[in-house]
Amino acid sequence: MEGLFVVLGGTVALAAEAVVLAAVLVSCYRTYRHECLRLWSWSWRAMAVGHLATAASLLLLGKIPASEPVRLLLTGVSLVAAYWHALWLLLGTWELSGRTPVSVAGQRRALLVLAGGAVASTLLFAFDPAAVTPRYLLRVGLKALTVGSAFLAAGVWVLRSVRGGPALGRRMVGWGFVAFGLHRLQYVAIGVAAAELDVARRYFASLTFVDLVIPLVLGVGMVAWLLEEEHDRVLRVTRALEHRALHDSLTDLPNRTLLQDRLTRALYPAHGASAADLLSNASRALAAAKANRQSRIAVFDPVRDAGRSNGCGSKRPCPEPWRRAS
């Protein structure tokens with residue numbers, strides 16, 4: 001009985017933790033408007049609903065039979081929420097990784113398929129009081145196997161996608177997925193190895209701390225990954241704007257603004273520079289200006305020559321574009 005209360009307390013704590021993480025993700029979504037945040041928030045909401053249904057079902061354990069409609073409803077809600085939690089979590093990760101997003105229709109079809117599987121798992125062996133082990137393996141074991149395999153594969157994929165740069169959040173999410181997947185697979189092993197339900201509950205009680213830590217690591221890693229992606233996006237936009245301001249839009253060559261900036265730096269170095277340094281800087285600045293002029297000549301000379309070869313050297317008036325080029 002003590003193990004049952006430990007499992008019950010851990011389940012309620014997990015639901016509260018999921019509610020907090022969902023609130024944080026909703027707040028981030030209102031600020032950044034990233035689709036992955038919306039999907040992740042629904043994932044943690046589903047996790048909270050599923051654990052609350054599990055806690056209610058544990059409270060009714062031993063008081064009413066498993067075939068009663070209330071027990072069946074709570075079990076079905078718990079299974080549906082668990083499958084939807086895994087799906088939304090993986091969809092949000094897929095969205096943040098830059099892949100082609102899954103369509104809304106595809107998401108709805110996947111949700112319906114998972115809900116149908118959860119309802120079928122709930123009803124099978126529901127009216128056979130002696131089928132305790134098959135019922136456990138079908139409900140808890142199959143759910144743990146499906147969710148654990150999906151998270152294990154997603155974690156390996158996320159870790160392999162790390163290419164360098166700031167990737168703390170991505171690594172946290174990847175290792176969190178791997179740990180969560182392995183942790184879910186333990187429930188399958190427990191169900192197979194433990195013949196008695198009381199023995200399985202004692203094992204579940206020993207895993208309560210891990211149940212609380214892994215979702216917290218995943219939530220922190222998701223927020224860190226999002227902030228890193230947002231920081232990289234701002235840096236890319238800043239560099240693009242700076243390049244556009246200092247280079248010609250047609251030829252992509254350095255423009256007059258960049259030339260003036262380099263001349264200013266060359267002619268007005270730090271205080272205390274000698275006259276020889278000033279002359280050397282001026283010489284380098286003139287060489288840079290000459291190279292810039294030669295680059296422009298190399299670009300526009302073929303245009304001017306083409307205009308002359310097409311009749312601009314004759315008595316006929318040269319078309320306006322060729323006159324400007326020459």
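**Core, helices and a few residues**

Of the 32 residues in the largest nonpolar core, Trp44, Leu89 and Phe177 touch the most other members. Keep in mind that this is a predicted model.

Reader: Which helices supply at least two residues of this core each?
Author: Helix 1 (2–32), helix 2, helix 3, helix 4 (104–123), helix 5 (132–160), helix 6 (168–193) and helix 8 each do.

Reader: What does Phe177 touch, leaving out residues up to four places away in sequence?
Author: Phe177 touches Leu89, Thr93, Phe151, Leu152, Ala154, Gly155, Val158 and Leu218. Leu89 turns up there, and Leu89 is also one of the three residues that touch the most other core members.

Reader: Why are helix 2 and helix 8 called roughly antiparallel?
Author: Look at the angle: helix 2 (residues 35–59) and helix 8 (residues 208–246) pack at about 170°, with their axes 12 Å apart. Angles over 145 degrees count as roughly antiparallel, and therefore this pair gets that label.

Reader: Which residues meet where helix 2 packs on helix 8?
Author: From helix 2 come Leu37, Trp40, Trp44 and Met47, and they meet Pro215, Leu218, Gly219, Met222 and Leu226 in helix 8. By class, that contact has 8 nonpolar residues, 1 polar and no charged ones. Gly counts as polar, so Gly219 is the polar one here.

Reader: How do you know whether Glu230 is buried or exposed?
Author: Glu230 lies in helix 8, and its relative accessible area is 15%. Buried means under 20%, so Glu230 counts as buried. Leaving out residues up to four places away in sequence, Glu230 touches Tyr32 and His34.

Reader: And what makes Leu159 partly exposed?
Author: Leu159, found in helix 5, has a relative accessible area of 22%. Partly exposed is the range between the 20% and 50% cut-offs, so Leu159 belongs in that class.

Reader: What is Leu159 in contact with, beyond its neighbours within four places in sequence?
Author: Arg171, Gly174, Trp175 and Val178. Val178 is 19 residues from Leu159 along the chain, and their C-alpha atoms are separated by 9.4 Å.

Reader: What makes helix 3 mostly covered?
Author: It comes down to a count: 20 of the 28 residues in helix 3 are buried.

Reader: How does the reach of helix 3 compare with what is expected?
Author: Helix 3 (residues 69–96) reaches 40 Å from its first C-alpha to its last, close to the 40 Å expected at 1.5 Å a residue. Just after helix 3, Gly98 takes a positive phi of about 90°.

Technical notes
Residues are numbered from 1 along each chain as its sequence is written. This is a predicted model: local features need pLDDT of at least 70, side-chain atom pairs count only at pLDDT 80 or more; totals for chains, interfaces and linings use all residues. Side-chain values use heavy atoms; hydrogens and water are left out. Axes are lines fitted to C-alpha atoms, for helices over the stretch in contact, and angles run from 0 to 180 degrees between N-to-C directions. Helices (H or I, at least four residues) and strands (E, at least two) are DSSP runs, numbered from the N terminus. Angles under 35 degrees count as roughly parallel, over 145 as roughly antiparallel, 65 to 115 as roughly perpendicular and the rest as oblique. Contact means heavy atoms within 4.5 Å. Buried means under 20% relative accessible area, exposed over 50%, partly exposed in between (1.4 Å probe, protein chains only). The expected span of a helix is 1.5 Å times one less than its number of residues. A nonpolar core is a set of buried Ala, Val, Leu, Ile, Met, Phe, Trp, Tyr and Cys residues joined through side-chain atoms within 4.5 Å.
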